[in-house]
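Student: I am new to this structure and would like a close look at a single part. Could you walk me through its aromatic residues and then what lies around them?

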Amino acid sequence: MTLAIVLAAGSPAAGLPTRAGATLADRLADQWRRAGAGQVRHAADLAELAALADAATGPVIVSGADLVAHTAVLRHLATSPVGPTVALVLTDPPAPGGAVVREERGQVVAAGVDGQLEGGATGVFGGALRVGVNDLPALAAAARAAAAGGSPAGTAPGPAVDRLFAGLTALGTLTFAHRVRLLVAHRVADPAGLAAAEAALAAVDEDKAELRLSVKEKDDFFTTYFVSTWSPYVTKASARLKLTPTGVTAISVLFAVAAAVLFGVGGRPALVTGAVLLYLGFMLDCVDGQLARYTRHFSAWGGWLDTMADRAKEYVVYAGLGYGATAAGYRYGWALAVAAMTLQTVRHMTDTWYGVLHDEAARRPRTADAGGGGIGDKLNAASTRVQADTGSLSYWLKRTVVFPIGERWALIALTVALFDPLVSLVAVLTWGVLAFAYTGALRTLRARWMRVPVLDTVDATLHRDDGPLAARFPALRPVGPLTLAVIGALGPGALLVAGLLRAGGDGDPAGLRWAVPAALLVLLVAGLGAGAAHNGPLDWLVPAALRAGEYLFAVAVGVVAGVPAWVVFGYVFVLTLHHYDLTARLEKRQAAPPLHPWTLGWEGRSVLLAIAAIVGFAAVVMATLGAYLFMVFVGSVVLAWVVLPARARRAAGVPARGGVRQPG
């Protein structure tokens, strides 16, 4: 249960009468109840607030008594999915004694008095914050320190809620910024300010604003101009029909599967119809997130499901294209589908870990002696300028060239409708390779400039997907885990190229069966980095390199051992589900999958495939291993999201609740 605390100390506006006759403090308390707080308390001072925080067992909302805002603003803050601790940040001019903030990538990295923040202020504290359960001890400590007269450097006497927030930030609490858009929120100090703020509130249609807010503020070009211009109407209709975001996701999956089937059937009518269904499926993929934001239905389960469904839909479409191209007489239709899936997965691994790197860099700003800026510094500054120039040609080029999901689905729909599945797969691969090269080069330069280790902040063994064999390998520390992972991928890559050359000529790839053990030994070199520290500036690339090595080895075994292409695709598809499960849990701050040790690790799976290729049962073993991994994946999903939460609720005596989701 969420506790909301209205802190009146240091706020002369608390007793001001509102238009409805209640005092501002009392109206805020009522708004917090309507925003979803299970209990609302008034605190006379910081000492009382500290005692309430000590006794709280759920999230705590703290607000000053001088805040005038739409109830929707308070509800958005209370239900924000970006993190456990979130602060309201406004663009108003700084008030005397009020706290200003500096944020990077949505995280508050500093708070204090205007003009005294290193790097300058990017906004002002809005007088309200939600504190997660794990941060409650820090909240109580900051309240007691502020009550005793202690304050962090750069703060001055002012409203108690501002001093509290500055103290909480100084303790290193990870706090995310919640900005107000379209709606109204202001802090007031006198009757004139209150009257102006109430007039601004009355001028805004709250429901219409919330519907517009359901659309992401910054999205990709195709999504912005070809989907989000009309998808809010579908979102509104879905809400009226009582559809859940998860239900909309399920419908979008059905559309994608139907499109994939039509791509496999072939023929111009089927291809055009499939393209239309693909577009509508992508629109629904946007609607599920918009509906979640509009109805404020968020959960870790929903965020995980959104990530997994997006990738599963895309790869099912690749399967349809691969089958359709093969059925039309093109020899390498399935091979292109496997290549597209592998490329996209490796790209997403780099995207995930580069995002984690950026978040770590924001939390741990570089010191003055951390090295010269050079080209990395210039690239970082240029990127910041382009991102700030919203709507400009350079802004849209930067967002489009990286080949985001909207552009991928648009390209597939357009090329398959005008041409055929083969052209569609070639187009996806071509743009994907160029985008990977572009983003990889720039991110590498920027990461070397930031010099922030990232894999030493998480369970590296888990996200490397190491199994029991890698855990027993000696650590070759002087070389570094990234170098070893890249070397490991070269062996399978060489075997795959040799096998494809033989298959394309008059040779027999089966004659390369003797090379499978050699490729395996090279791949296992990557395991020598398992025990080494992953704290290099580029070690965020290690998971992607390991994924590339394992996928290349599986495909190479398939080519050399004559495994049917659709079996190879299915096996790699199951691997991608497993690996996306790991990254989705990282992004949603979830624990490891319950059955993760049963997945054998990348090296264990590769050893089994190598043995199968040598003895001549590669197809059977690959299909069996894929089915086994899929069952383990499903078992982990059921345990993690159904069985274990139900047990926890029974143990705590909490009744079951319906599932909700995070926005996509």
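Tutor: Here is a walk through the aromatic pairs, followed by some helices to look at afterwards. Please keep in mind that this is a predicted model.

Let's begin with the rings. The structure holds 21 aromatic pairs. One of them joins tryptophan 304 and tryptophan 641, with ring centres 5.9 Å apart; their planes meet at 40°, so this pair counts as tilted. It links distant parts of the chain, as tryptophan 304 lies in helix 12 (residues 300-327) and tryptophan 641 in helix 25 (residues 618-652), 337 residues apart. Both tryptophan 304 and tryptophan 641 are buried.

Aromatic residues also gather in a group: Phe221, Phe222, Tyr225, Phe226, Trp230, Tyr279, Phe282, Tyr395, Trp396 and Trp409 form one aromatic cluster.

Now look at helix 11, which covers residues 268-295. Its 28 residues reach 40 Å from the first C-alpha to the last, close to the 40 Å expected at 1.5 Å a residue. Arginine 296 follows helix 11 and has a positive phi, near 60°.

Next comes serine 238, found in helix 9 (residues 231-240). Serine 238 counts as buried because its relative accessibility is 6%, under the 20% cut-off. Leaving aside residues up to four places away in sequence, serine 238 touches Leu243, Val248, Val287 and Leu291.

For a contrast, turn to the surface. Ile611, Ile614, Val615, Phe617 and Val620 form a nonpolar patch there, with about 480 Å² of accessible area together. Helix 24 (residues 601-615) gives the most to this patch, with three residues. Valine 615 sits in helix 24, and its 52% relative accessibility is why valine 615 counts as exposed.

Notes
Residues numbered from 1 in each chain as written. Predicted model: local features only at pLDDT ≥ 70, side-chain atom pairs only at ≥ 80, totals over all residues. Heavy atoms only, no water. Helix = DSSP H or I, 4+ residues; strand = E, 2+ residues; numbered from the N terminus. Expected span 1.5 Å × (residues − 1). Buried < 20%, exposed > 50% of the residue type's maximum accessible area, 1.4 Å probe, protein only. Contact = heavy atoms within 4.5 Å. Patch = residues over 30% accessible without salt bridge, like charges linked within 9 Å, V, L, I, M, F, W, Y side chains within 5 Å. Areas by Shrake-Rupley, 256 points an atom, 1.4 Å probe, with all protein chains shown as cover. Salt bridge = Lys/Arg side-chain N within 4 Å of Asp/Glu carboxyl O. Phe/Tyr/Trp six-rings, centres within 6.5 Å; stacked < 30°, edge-to-face > 60°.
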